[in-house]
Amino acid sequence: MGVLYLFIMESRYSFVGHGIEEYVKKKEAIADSISQSVGNFCDRHRQLTEEVTIRKPSESGWTIKEIVGHLIDSAANNHQRITRLQLVAELQFPPYENEKWLAAEKWNFLGWFEILGLFQSYNLFLVHLIRNVDPGNLNHRWFGRDRFGERIYTLEEIIVDYRTHLQEHLDQIETQLKEFRGDD
């Protein structure tokens, strides 16, 4: 996780205009990083109990199931963005309203193994999509609203940001688990 994660976090490196070989290296690094992080997370946390996965860290905080559910939503939304932005140069999507989605999806009532399996499978599919993005489509644009507000995002930015967003929430879960155990 270390080197790949640092590369992605420290750089908003632009693939566009840097040649196909450089692009292939960067997208492979992102795809490998996602695959490795998701695999490691699932391996480490497969045995979490239902009690732990539905425990709220605070009154307004999300449970581990809800965080992973949110990451599944993110995978689903980015699946649409990555695929559709390879078909057309510009798109608009409705905003993702995470609190409303979580309330409607009721992740805490679904089994941990089912959630973890869907999370892992969906991310492996995104890895496949990322590895097969046509470099000529990286500057295609999505006009939308996400966690940073309204703006225009290129397909390239969506791919880079997905990795960052995923890691931020995996780190959030690790912090919650430490707090639950009373670790410093």
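Here is a quick tour of this structure, topic by topic.

What you're looking at is a predicted model. Across the chain the pLDDT averages 88, and 87% of the residues score at least 70. A search of the whole structure turns up nine salt bridges, and the count of aromatic pairs comes to four. Helix 2 and helix 6 come up again and again below, so here are their places: helix 2 covers residues 20-45 and helix 6 covers residues 112-131.

**How confident the model is**

- Of the chain's elements, helix 6 has the highest mean pLDDT, at 98, while helix 1 (residues 2-10) has the lowest, at 37.
- The pLDDT stays below 50 over residues 1-13. Even there, the model shows 27 contacts for the stretch beyond near neighbours in sequence.

**Where helix 2 meets helix 6**

- Start with a ring pair: Phe41 and Phe119 have ring centres 5.8 Å apart and planes at 75°, and since that angle is over 60, the pair counts as edge-to-face.
- Phe41 belongs to helix 2 and Phe119 to helix 6, so this pair ties together parts that are 78 residues apart in sequence.
- Both partners count as buried: Phe41 has 1% relative accessibility, and Phe119 has 0%.
- There's a charged link too, with the side chains of Arg131 and Glu28 meeting in a salt bridge at 2.8 Å, N to O.
- Arg131 sits in helix 6 and Glu28 in helix 2, so the salt bridge ties together parts that are 103 residues apart in sequence.
- Arg131 is partly exposed at 28% relative accessibility, and Glu28 is partly exposed at 26%.
- Asp32 joins in as well: Glu28, Asp32 and Arg131 are linked in a network of salt bridges.
- Ser35 is another residue to look up in helix 2. With a relative accessible area of 27%, Ser35 is partly exposed.
- Ser35 and Gln120 are 85 residues apart in sequence, yet their C-alpha atoms are 8.6 Å apart in space.
- Setting aside neighbours within four places in sequence, Ser35 is in contact with Leu124 and Val127.

**The rings around Trp142**

- Phe93 and Trp142 make another edge-to-face pair, because their planes are at 70°; the ring centres are 6.4 Å apart. That distance makes the cut, since ring centres have to lie within 6.5 Å to pair.
- Phe93 is in the loop between strand 1 (90-92) and helix 5 (98-105), and Trp142 is in strand 2 (residues 141-146), so the pair ties together parts that are 49 residues apart in sequence.
- The two partners differ in how they are exposed: Phe93 is partly exposed at 22% relative accessibility, whereas Trp142 is buried at 1%.
- Tyr153 belongs to this group too, as ring pairs link Phe93, Trp142 and Tyr153 into a cluster.
- Trp142 also has a charged partner, Arg81, which lies over the face of the ring at 4.0 Å from its centre.

**Two more salt bridges**

- Asp43 forms a salt bridge with Arg46, with 3.5 Å between the closest N and O atoms. Asp43 is exposed, with a relative accessible area of 58%, and Arg46 is partly exposed at 28% relative accessibility.
- Glu97 and Lys100 have side chains that meet in a salt bridge too, at 3.3 Å, N to O. Here Glu97 is partly exposed at 39% relative accessibility, and Lys100 is exposed at 56%.

**Helix 7 and two positive phi values**

- Does the length of helix 7 fit? Let's ask it this way: what should its 27 residues span, at 1.5 Å a residue? Helix 7 (residues 155-181) should span 39 Å, and its end C-alpha atoms are 40 Å apart, which agrees.
- Right after helix 7 comes Gly182, which has a positive phi, near 85°.
- Lys106 has a positive phi as well, of about 50°, although it is not a glycine.
- You'll find Lys106 in the loop between helix 5 and helix 6, where Lys106 counts as partly exposed at 46% relative accessibility.

Conventions: Residues are numbered from 1 along each chain as its sequence is written. This is a predicted model: local features need pLDDT of at least 70, side-chain atom pairs count only at pLDDT 80 or more; totals for chains, interfaces and linings use all residues. Side-chain values use heavy atoms; hydrogens and water are left out. Rings of Phe, Tyr and Trp (its six-membered ring) pair if their centres lie within 6.5 Å; planes under 30 degrees apart count as stacked, over 60 as edge-to-face and the rest as tilted. Helices (H or I, at least four residues) and strands (E, at least two) are DSSP runs, numbered from the N terminus. Buried means under 20% relative accessible area, exposed over 50%, partly exposed in between (1.4 Å probe, protein chains only). A charge sits over a ring if NZ of Lys or CZ of Arg is within 6 Å of the ring centre and within 35 degrees of the ring normal. pLDDT is the predictor's confidence in each residue, from 0 to 100. Contact means heavy atoms within 4.5 Å. The expected span of a helix is 1.5 Å times one less than its number of residues. A salt bridge is a side-chain nitrogen of Lys or Arg within 4 Å of a carboxyl oxygen of Asp or Glu.
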